[in-house]
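Let's take a relaxed tour of this protein chain. Have a look at the sequence and the fold first, then read on.

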Amino acid sequence: KETWDFVLVSDNHERGSEKQIKRKKFLDELRKRRFSIEKIKDTKLFHGVRGPEDIFDKYQHLQRKADSRQQTSSAHEEVPEATRIRIVNFILWNTVTSDSEKLHDLMKKKVFEAAFPLHKKEEVRETLMEKWARCGLTFKEQPINEIREYFGEKVALYFTWLGWYTYLLTFAALAGVVTLVTGITVFGSSQVSKEICDASTTFMCPLCDQNCSFWVLSDTCTYAKVTHAFDNEATVLFAMFMAAWATVFLELWKRKRASVVTRWNLYGWDEDEEELALQLINNLQHKPRQYQHSYFRSTIILILALLLLMAMIGIAHMLVIYRAVAMALLAQSEVALLSNNANIVAVITGAVLHYITIVIMTKVNRRVALFLCNLEEPRTLCQQENSFAVKLFIFQFFTHFSSLIYVAFFLGRINGRPGEYVRIAGRWRLEECHPSGCITDLFIQMAIIMVLKQTISNIIEYLSPLIARLLRRRRKRPKKRSMMLEEEEEEAEHPCKRQWLNNYELNEVNVFSLLNEYLEMAIQYSFTTIFVAAFPLAPLLALLNNIVEIHTDAKKMMRLYRRMVPRRANDIGIWLQVLEAIGILAVIGNGLVIAITSDFIPVQVYKYMYSPCKRDNSTGIDCSTGYINNSLSVFRIQDFEPHTKVLPEFRGHQIKECRYRDYRNADDYTHTVQFWHIFAARLAFLILFEHVALCVKLVAAWYIPDVPRRVKNKILSKKHEDILNELSMMEYVTEV
């Protein structure tokens, strides 16, 4: 039975038409290169393409010469299927017709509709279907060698990295769960939350200007308990642990990667040599494209990228405006459930709206990043992927985190005070933080976005190609009873027809398909490390998602998409630098969350400078006693702005003063000395935390070598053996 490396698909163009002539010229060009071509006619016209054996012999010869570490092998050994596909794919896309047109140009002009390698019923595919691409294999080891043999080293390295990342997430998830459980059991009944629950006579200032009444602090008892369940001393230790975990994960991955690529004889593989070898096999007259850099293009790209980032910041501002307006309207609602929980409802709906903007902006970001990448004119496909990946990740990072940055570092800190609020369009007040802190708002925002991304997005990601495949099958394979006999005769004549049709009905593979998977994991890794101090369950959600993701991706690649063109690689490319950058941002982000968003620093300052323990030298009471009363300032209701309408009577009490979260003097509303003590303590903690965390990262990176000793010794022994063989050969030639 004949095998085919690639299949080209086109419409049945009329004889003599422009498209038919262009198609014939391209196929004739392939025949000149001694390619075998088989035609099968159906509703579409299929051309099977098989490369001549001499191009594969040349490639193997060049690879042996280029990599002296590779084992000497016979020149007539069988070429792996993945290698055949890779070489034929390169030649197809670089073949030039007499009209100076390549396959890419012909596909733009609808001369060809598709070009793809085949999913074949071979042993390795059956193994993957049995041990990888089916349900019930959640905790089974992935068949990485078979993945490499079928999809190439680039895909195999992705799944190796994803499996390693998922494995190490178990430790981070366990630490996060322990932190939360500790907070619930030990700190859930903290002195701070007790004081809030007992503050039945503490009247807080209204949350809006019109038709809003005062409220009692004890009404938010549940909210305070939830906040202090994960805003406590254990959170600081967990943030330090995650900073070390991120470094250890990357260092251990470098070791894992070195072991894997050494086993594949790809440790010293060079992409430029691979590209030059394929170019010269395709055309001996080929001149390598030189490296270039244009400062003008780089300036244009930078300006356009900054414009998009400014647009994202504008979207974040729109979300802030929405939350402020929603908070004001909900607080005035006649529905008691909405008015009593106006803050929580505004936060939740704001988070859902943020997720919707993420979905929309993802499409915009992809188009802009691809445009900027093409404007840059990368030299090779790998450079194009790296350029596209960096730009797309930066855009996606801003899209996901711009709103979170506002909630973490600006919410409740730029809203002013009663009588002098900062307003949007002079009308709506910015949101305030709960007296127990703003960290719960960040927790809710992150939880909603992560849950929605890992449920709705993943369901759509799997169902979309499944539905598309079913629709393609119904649309592109019309059946007519009168043609059944004719079809059976044709299938008997062309045994490959059914296989080609089945592959054609699968979804098209995008050249950046694997990049999309890396991007999804990089954004998830950002959620897992940055701001994880506010959301200790992030590693657990990531772990559960990845357990499903591995086998979902496997099923998509094996059952729903055409076969991906195998590509060689010896690392995960630019994504390692992206992950290292995220690790540094995680240290900064968690330090800022603990120092600014959390109430950890104000509580510690109170304990050691203003608490009863400090004043009375008493050890029999909790040193945080009185913290809530100390953290609330007093406001005289007579100083409200003129347009503020508040009834002075509340629950039978004549209110003359109300409380609000801040450190201000009661007479002139200026900041107290304690405010500046807390500010200095926040800054000192931030500097100390980041330096300690970065030192831990540096020590971990030094302590864990990137390359295992076993791999180093293997490479050293191989070099020694090669040099010894060369010298022995020289002596033999001299003696002869």
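## A lysine at the surface

Lys256 is partly exposed, because its relative accessible area is 33%, and partly exposed covers the range between under 20% (buried) and over 50% (exposed). Keep in mind that you're looking at a predicted model.

So where does Lys256 sit? You'll find Lys256 in helix H10. Lys256 also has company: together with Arg263, Arg710 and Lys714, Lys256 gathers in a patch of positive charge on the surface. Two elements each give two or more residues to that positive patch, namely helix H10 (233–263) and helix H26 (709–735).

Now zoom out to the whole thing. The protein chain has 736 residues, and 51% of them count as buried. Its secondary structure adds up to 26 helices and 14 strands. If you boxed in the C-alpha atoms along the principal axes, you'd need roughly 100 × 75 × 55 Å.

What about membranes? The UniProt record, an unreviewed entry, carries the annotation "transmembrane region" for residues 164–187, 234–253, 299–322, 342–361, 388–411, 522–548, 569–596 and 683–704. Here's how two of those annotated stretches look in the model:

| Residues | Helix | Strand | Distance between end C-alpha atoms |
|---|---|---|---|
| 388–411 | 92% | 0% | 33 Å |
| 683–704 | 95% | 0% | 32 Å |

Residues 388–411 are 92% helix, and residues 683–704 come out at 95% helix. Try tracing both spans in the 3D view, then go back to helix H10 and find Lys256 there.

Methods: Residues are numbered from 1 along each chain as its sequence is written. This is a predicted model: local features need pLDDT of at least 70, side-chain atom pairs count only at pLDDT 80 or more; totals for chains, interfaces and linings use all residues. Side-chain values use heavy atoms; hydrogens and water are left out. UniProt positions are given in the numbering used here, feature names are shortened, and annotations may be inferred rather than shown by experiment. Helices (H or I, at least four residues) and strands (E, at least two) are DSSP runs, numbered from the N terminus. Patches are made of residues with over 30% relative accessible area and no salt bridge: like charges are joined within 9 Å, nonpolar side chains (Val, Leu, Ile, Met, Phe, Trp, Tyr) within 5 Å. Accessible areas come from the Shrake-Rupley method with a 1.4 Å probe; for residues, only the protein chains shown count as cover. A salt bridge is a side-chain nitrogen of Lys or Arg within 4 Å of a carboxyl oxygen of Asp or Glu. Lys and Arg count as positive and Asp and Glu as negative; His and the chain ends are not counted. The place of a charge is taken as NZ of Lys, CZ of Arg, CG of Asp or CD of Glu. Buried means under 20% relative accessible area, exposed over 50%, partly exposed in between (1.4 Å probe, protein chains only).
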